[in-house]
Amino acid sequence: MSRAKGFISFEGIEGSGKSTQVKCLAEYFRSRGQKVIDTVEPGGTGIGEKIRELLLEPQNHMEPLTELLLYYASRAQHVREVIYPAILDDTIVITDRFSDSTVAYQGYARGIDLKLLSRLNEIVNPDLKPFLTFMLDLDVEEGLKRNRMASKKDRFELETVEFHNRVRNGFLQIASEEPERVKVIDASRSPDEISRDIVKVIEEQWR
Ligand code: TMP
């Protein structure tokens, strides 16, 4: 699988500030005259948004395998309907979450076999990997507190602190295995400081 230059993902635990940084980076590219879209998983398409509702409604009691397949269903639609066509059109794609979230949440945190995830990934998304991934790292309790203050409450915010620590450690494990692609950013700081770090990485790598 090759890393596509115009494809960037943001990853991180709940409340790590990904969506703000996705918008800032999209604005950075736009202000330099580049074509760019920002998108989100689960979601990013009409079908994906319906799947997102199913996945995140707090009252849905869902089997781990159902959950896993719904994330892949949303991604199958997203890569074909939005991401591939944009990249082929020389448009930079910035996504708020992608495959690393599945490995961290369904793999490391839920305990689904990582080999199964890798087999499914080969079917759903055989040839597309982000060129860069920003992993916004933050203390789990701090992230959950931020979301509570923003009144954000979905199915995953109801999980235990231990679950979210497994997610965070999963992300850090992925970053340690692929340091070229995955850049860990300290997300405990102000949005401006975080954004400056991200732009610095982009300017170093985007030649
Ligand atoms: P968020 O976009 O508001 O962070 O919500 C998406 C939720 O879905 C978040 O709790 C992480 C979770 N998620 C997974 O568990 N697996 C995945 O593959 C993706 C993309 C997200």
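This report looks at how a ligand is held in a predicted model, and then at two residues, threonine 133 and glutamate 157.

## Where the ligand sits

Let's start with the ligand. Which pocket does the ligand occupy? The space it takes up is the largest pocket. There are 15 residues around the ligand, and those that come nearest are Glu14, Tyr71, Arg97, Thr102 and Gln106.

Now look at which helices supply this shell. Helix 2 (46–56), helix 3 (64–88) and helix 4 (99–109) each give at least two of the shell residues. Helix 4 supplies the largest share, with four residues. If you sort the shell by class, you will find seven charged, five nonpolar and three polar residues.

## Polar partners of the ligand

Next, zoom in on some individual atoms. A polar side-chain atom of threonine 102 is 2.6 Å from an oxygen atom of the ligand. For tyrosine 71, an N or O atom in the side chain lies 2.8 Å from a ligand oxygen. Arginine 97 also takes part: an N or O atom in its side chain is 3.0 Å from an oxygen atom of the ligand.

How much of the ligand's accessible area does the protein cover? On its own, the ligand has 480 Å² of accessible area, and the protein covers 96% of that.

## Threonine 133 in strand 4

Let's turn to a residue in a strand. Threonine 133 belongs to strand 4, which spans residues 129–137. Is threonine 133 buried or exposed? Its relative accessibility is 0%, and a residue counts as buried when this value is under 20%, so threonine 133 is buried.

The side chain of threonine 133 has polar contacts that you can trace in the structure. One of these contacts, at 2.8 Å, is with the side chain of serine 9. Another, at 2.7 Å, links the side chain of threonine 133 to that of arginine 181.

## Glutamate 157 in a loop

Our last stop is a loop. Where is glutamate 157 found? Glutamate 157 is in the loop that lies between helix 6 (140–149) and helix 7 (161–177). The relative accessible area of glutamate 157 is 14%, which is under the 20% cut-off, so this residue counts as buried too.

It is also worth finding leucine 144 on your screen. Along the sequence, leucine 144 and glutamate 157 are 13 residues apart. In space, the distance between their C-alpha atoms is 7.1 Å.

How values were computed:
Residues numbered from 1 in each chain as written. Predicted model: local features only at pLDDT ≥ 70, side-chain atom pairs only at ≥ 80, totals over all residues. Heavy atoms only, no water. Near = heavy atom within 4 Å. Polar contact = N/O pair within 3.5 Å; in protein donor to acceptor, adjacent residues only side chain to side chain. Areas by Shrake-Rupley, 256 points an atom, 1.4 Å probe, with all protein chains shown as cover. 1 Å grid on protein atoms, 1.4 Å probe; cavity = no way out; pocket = protein on both sides within 12 Å on 5 of 7 lines; lining within 4 Å. Sits in = over half its atoms within 2 Å of the grid points. Nonpolar A, V, L, I, M, F, W, Y, C, P; charged D, E, K, R; others polar. Buried < 20%, exposed > 50% of the residue type's maximum accessible area, 1.4 Å probe, protein only.
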